[in-house]
Amino acid sequence: MYEPIRTKSVHRMADDQDAYPHRSREEELDIQLAGHLAALLAVTDELGDTEAGDLIARQVARLRGAPPARHAGLSGSNTPSLHRRAHALAGRALVVAASRADTAAAILAAERMDAHTAALTSPELVSAP
């Protein structure tokens with residue numbers, strides 16, 4: 001009535017744990033934190049903040065083991081929009097750094113959040129068209 005299955009199953013067995021590489025939670029958090037900081041670096045470079053960009057680049061290099069590529073092009077966004085984006089990215093980096101217990105990255109992210117909040121509330125930026 002039924003024909004027997006003649007091909008190997010595409011499903012893996014539960015005891016076949018070495019079939020593909022695994023990363024630890026810490027490695028996953030390192031990758032995620034480096035990604036958030038690299039995105040923050042791109043926005044920081046677009047804003048022209050070289051000093052902050054160098055600090056962020058050092059953290060990305062520490063996490064990735066290699067220096068990051070610096071910002072290659074401009075997005076054309078206005079300054080308030082860039083500050084809001086940078087603030088959000090710094091917030092994401094802060095959350096991951098806190099869960100990873102990376103004090104240096106957490107302090108850097110918190111400082112960047114403060115800097116972008118201050119920039120967004122500065123009189124020059126608020127009155128700009």
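Helices and strands are here DSSP runs, of at least four residues for a helix (H or I) and at least two for a strand (E), numbered from the N terminus. By that assignment, Asp 102 belongs to the loop between α3 and α4. The model on screen is predicted, and this tour returns to Asp 102 once the helices have been located.

**Whole chain**

Begin with the entire protein in a cartoon representation. Five helices and zero strands are present, and the order from the N terminus is α-α-α-α-α. Of the 129 residues, 31% are buried. Among contacts between residues at least 6 apart in sequence, 66% join residues at least 24 apart.

The next stops are helix pairs. Two packed helices are described by the angle between their axes and the distance between the axes.

**First pair: α1 and α3**

Select residues 25-47, which form helix α1, together with 79-100, which form α3. The two axes come within 9 Å and cross at roughly 160°. Angles over 145 degrees count as roughly antiparallel, so α1 is roughly antiparallel to α3. The crossing of α1 past α3 is left-handed. Colouring the contact between α1 and α3 by residue class gives 14 nonpolar, five polar and six charged residues.

**Second pair: α3 and α4**

Keep α3 and add helix α4, residues 103-121. The axes of α3 and α4 approach within 8 Å, with a crossing angle of roughly 155°. This makes α3 roughly antiparallel to α4. The handedness of the crossing between α3 and α4 is left-handed. By class, their contact comprises 13 nonpolar, five polar and two charged residues.

To view the contact itself, display side chains on both helices. On the α3 side, the residues include Pro 80, His 83, His 87, Gly 91 and Leu 94. On the α4 side, they include Ala 105, Arg 112, Met 113, His 116 and Leu 120.

**Third pair: α2 and α4**

Hide α3 and select helix α2, residues 50-64, alongside α4. Here the axes come within 11 Å and cross at roughly 150°. The angle makes α2 roughly antiparallel to α4. The crossing of α2 past α4 is left-handed.

Which residues meet across this pair? From α2, select Ala 52, Leu 55, Ile 56, Gln 59 and Arg 62; from α4, select Ala 104, Ala 105, Leu 108 and Arg 112. These residues divide into six nonpolar, one polar and two charged.

**Arg 112**

Centre the view on Arg 112, in helix α4. Is this residue buried or exposed? Its relative accessible area is 12%, and a residue under 20% counts as buried, so Arg 112 is buried.

Show the surroundings of Arg 112 next. Beyond its neighbours within four places in sequence, Arg 112 is in contact with Leu 40, Asp 49, Ala 52, Ile 56 and Ala 90. Draw a distance between the side chains of Arg 112 and Asp 49: they are joined by a polar contact of 3.2 Å. A second distance to draw runs from Arg 112 to Ala 86, where the C-alpha atoms are 8.0 Å apart although the residues are 26 apart in sequence.

**Thr 44**

Move to Thr 44, in helix α1. Thr 44 is buried, with a relative accessible area of 1%. Apart from neighbours within four places in sequence, Thr 44 contacts Asp 49, Ala 52, Gly 53 and Ile 56. Asp 49, Ala 52 and Ile 56 also appear among the contacts of Arg 112.

**The loop between α3 and α4**

Finish at the loop between α3 and α4, which holds Ala 101 and Asp 102. Ala 101 has a phi near 60°, a positive value in a residue other than glycine. At 65% relative accessibility, Ala 101 counts as exposed, whereas Asp 102 is buried at 6%.

What does Asp 102 touch, not counting residues up to four places away in sequence? Leu 33, Arg 62, Leu 63 and Ala 97 are its contacts. The side chain of Asp 102 is joined to that of Arg 100 by a polar contact of 2.5 Å. For a last distance, select the C-alpha atoms of Asp 102 and Asp 30: they are 9.5 Å apart in space, with the two positions 72 residues apart in sequence numbering.

Note on methods: Residues are numbered from 1 along each chain as its sequence is written. This is a predicted model: local features need pLDDT of at least 70, side-chain atom pairs count only at pLDDT 80 or more; totals for chains, interfaces and linings use all residues. Side-chain values use heavy atoms; hydrogens and water are left out. Axes are lines fitted to C-alpha atoms, for helices over the stretch in contact, and angles run from 0 to 180 degrees between N-to-C directions. Angles under 35 degrees count as roughly parallel, over 145 as roughly antiparallel, 65 to 115 as roughly perpendicular and the rest as oblique. A crossing is left-handed if the near helix is turned anticlockwise from the far one by less than a right angle, and right-handed if clockwise. Contact means heavy atoms within 4.5 Å. Ala, Val, Leu, Ile, Met, Phe, Trp, Tyr, Cys and Pro count as nonpolar, Asp, Glu, Lys and Arg as charged, and the others, Gly among them, as polar. Buried means under 20% relative accessible area, exposed over 50%, partly exposed in between (1.4 Å probe, protein chains only). A polar contact is a pair of N or O atoms within 3.5 Å; within protein, one must be able to donate a hydrogen and the other to accept it, and residues adjacent in sequence count only if both atoms are side-chain atoms.
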